[in-house]
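Student: Could we go through this one together? I'd like to start with how far to trust it.

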Amino acid sequence: MKYTFEMYSEDIKAISEFIKLHYSDPIIIGLVRGGAGIATHLSNILDCPAGYWDIKTGNICLSCSTEDKQIIFVDDILDTGTTFKDIQ
């Protein structure tokens, strides 16, 4: 199956609508590399902060406090779930 930009745009819109319904004050954290672009797109749509976490090096780039925020981690695919198990 070919995943087109139109499909991506529809998915980002659906995800952003879900976040709007269920989260009041989120910070989007993109897991580098794959989740960085998705985090940026969601952050722009939702007008909320974004940060980036390179789990291989442990480096986190975040320009705001996480206190009293709802943190949402995003990545590009869910395959084995290993990445999300690693960050728990």
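**Confidence and contacts**

Tutor: Among the elements of the protein chain, helix α1 (residues 5-22) has the highest mean pLDDT, 95, and helix α3 (residues 82-87) the lowest, 66; pLDDT is the predictor's confidence in each residue, from 0 to 100, and helices (H or I, at least four residues) and strands (E, at least two) are DSSP runs, numbered from the N terminus. This is a predicted model, in which local features need pLDDT of at least 70 and side-chain atom pairs count only at pLDDT 80 or more, while totals for chains, interfaces and linings use all residues. Residues are numbered from 1 along each chain as its sequence is written, and side-chain values use heavy atoms, with hydrogens and water left out.

Student: And what does the protein chain average in pLDDT?

Tutor: The average is 88, and 88% of the residues score at least 70.

Student: New topic: how many aromatic pairs does the structure hold?

Tutor: There are 2, where rings of Phe, Tyr and Trp (its six-membered ring) pair if their centres lie within 6.5 Å, and planes under 30 degrees apart count as stacked, over 60 as edge-to-face and the rest as tilted. Trp53 and Phe73 form a tilted one, 5.8 Å centre to centre with 50 degrees between the planes.

Student: Which parts does that pair tie together?

Tutor: Trp53 lies in strand β2 (residues 50-54) and Phe73 in strand β4 (residues 70-74), so the pair links parts that are 20 residues apart in sequence.

Student: Is Trp53 buried or exposed?

Tutor: Trp53 is buried, at 18% relative accessible area, whereas Phe73 is partly exposed at 33% (buried means under 20%, exposed over 50%, partly exposed in between, with a 1.4 Å probe and protein chains only).
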